Amino acid sequence: MSEPFDPQKWKPASFLPEAEARDPALIFVIGVLCFLACLMGLGVIAGARAAQGWASQLTGEATVIVRARGGETPDAAAARAAEALASVAGVTEARALEKEKAYALIEPWLGDVSDLDDLPVPRLVAVGLDDRKPATAETLDKALKAQGIDAVVDDHSVWIKDIKRAAGVVQWTAAAIFLLIAGAAGAVVAFATRAGIAARRDVVEVLHLAGAEDAQIANLFEMRFARIAAIAGAAGAGAAAALGGVLRLMGGEQGITPALPITWIDLIAVTPCPIWAALVAAVAARITARRLIQRL
């Protein structure tokens, strides 16, 4: 009767050599996938920061469109609206904007507005809101109506909802793409595992006869491809961090653009990539190896 298989005494170097001819190609493919995943992660982080900044800026402001009534000039109506809103709780500032700013808003739609001085073009009042307890649009509207001012309050709630919705769509899309990348990496490792077992079919059968269990043999492939994936993940993460640093330097204070404000601390987000790559590879190699070994 053969002696039970002892994994502590067995030296698997001849079974799974430390390096193979196809390892560089495998490292390259997994490294590219990790690079794309890290780059996408940096983009999502920067995009989320930009969306949060825009939403915070809009939350702290409101715009009031003032229409002059009979016997009152637009500038006088705007000044009266600013005075009425300045005393409302939750308002830090109320300032009537110059008519040139009102004209600038309608110029894209009407073209040259230099001859509109005789028309009652509405004036704008910029309202600053308290960050801790901002005044609501209803409160501002009541204060204006109490003074008999014809105005429309825009608290930017529609824009804020659109920004948050867009940020959510981007995050969910990025999560789906990340899962696709992980699936692609797992498929590549599974293919490499299948090829490795096929090349050593006879050795696997001998190990079975010697008393080795399926889990022990599969563990060899799991550890090997986890190590390869960790190396590839580190290379891909390093390349993504380097590119992010270059883009940060090129963009100056605001990162690439104000829409993607990458900061130096964001580059730390790529550090878990080698671990995730190793986990995906280990799971894919283990599942594939066990299934194939059981069929032998």
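1. Glu222 is buried in this predicted model, with a relative accessible area of 16%. That value falls under the 20% limit for a buried residue. The side chain of Glu222 meets that of Arg286 in a salt bridge, at 2.5 Å from N to O. Glu222 belongs to helix α7 (residues 214-251) and Arg286 to helix α8 (residues 273-295), so the pair ties together parts that are 64 residues apart in sequence. Arg286 counts as partly exposed, at 26% relative accessibility. The bridge therefore has a buried acid and a partly exposed base.

2. Arg165 and Asp162 make another salt bridge, with an N to O distance of 2.8 Å. Both residues sit in helix α5 (residues 157-199), and because they are three residues apart, about one helical turn separates them. Asp162 is partly exposed, its relative accessible area being 34%.

3. Glu93 and Arg95 also join their side chains in a salt bridge, here at 3.7 Å from N to O. The cut-off for such a pair is 4 Å, so this one qualifies. Both partners are partly exposed: Glu93 has a relative accessibility of 44%, and Arg95 has 38%.

4. The structure holds eight salt bridges, including Glu222 with Arg286, Arg165 with Asp162 and Glu93 with Arg95. Side chains of opposite charge can pair when their charged atoms come close.

5. His156 is placed in the loop between β4 (150-154) and α5. Is this residue buried or exposed? His156 is buried, at 8% relative accessible area. A polar atom of the His156 side chain lies 3.4 Å from the backbone oxygen of Glu61. Leaving aside residues up to four places away in sequence, His156 touches Leu58, Glu61, Ala62 and Thr63. Glu61 thus appears both in the list of residues touched and as the owner of the backbone oxygen. For anyone inspecting the loop between β4 and α5, these are the neighbours of His156 to display.

6. Strand β3 (residues 123-129) is mostly covered, with six of its seven residues buried. Strand β1 (residues 61-67) pairs with β3 over six bridges, in the antiparallel sense. In that pairing, Val64 has Val125 of β3 as its bridge partner. Strand β2 (residues 91-96) also runs antiparallel to β3, and five bridges join the two. Here Ala94 has Val127 of β3 as its bridge partner. Strand β3 therefore has pairing partners in both β1 and β2.

7. A nonpolar patch on the surface is formed by Phe28, Val29, Val32 and Leu36. Together these residues have about 340 Å² of accessible area. Phe28 has its place in helix α1 (residues 23-59). Phe28 is exposed, with a relative accessible area of 59%, a value over the 50% limit for that class.

8. Val188 is found in helix α5 and is partly exposed, at 24% relative accessible area. What does Val188 touch, not counting residues up to four places away in sequence? The residues are Leu26 and Val29. Val29 is also one of the residues in the nonpolar patch. Between Val188 and Ala285 the C-alpha to C-alpha distance is 9.7 Å, although the two are 97 residues apart in sequence.

9. On the overall fold, the protein chain has eight helices and four strands. Along the sequence their order is α-β-α-β-α-β-α-β-α-α-α-α. Among contacts between residues at least 6 apart in sequence, 82% join residues at least 24 apart. The pair Glu222 and Arg286, 64 residues apart in sequence, is an example of parts tied together along the chain.

10. On surface and burial, the protein chain has 296 residues, of which 37% are buried. The chain exposes about 17,300 Å². Carbon and sulfur atoms supply 63% of that area. Among the buried residues are Glu222 and His156, while Phe28 is exposed.

Terms used. Residues numbered from 1 in each chain as written. Predicted model: local features only at pLDDT ≥ 70, side-chain atom pairs only at ≥ 80, totals over all residues. Heavy atoms only, no water. Buried < 20%, exposed > 50% of the residue type's maximum accessible area, 1.4 Å probe, protein only. Patch = residues over 30% accessible without salt bridge, like charges linked within 9 Å, V, L, I, M, F, W, Y side chains within 5 Å. Areas by Shrake-Rupley, 256 points an atom, 1.4 Å probe, with all protein chains shown as cover. Polar contact = N/O pair within 3.5 Å; in protein donor to acceptor, adjacent residues only side chain to side chain. Contact = heavy atoms within 4.5 Å. Pairing = 2+ DSSP bridges.
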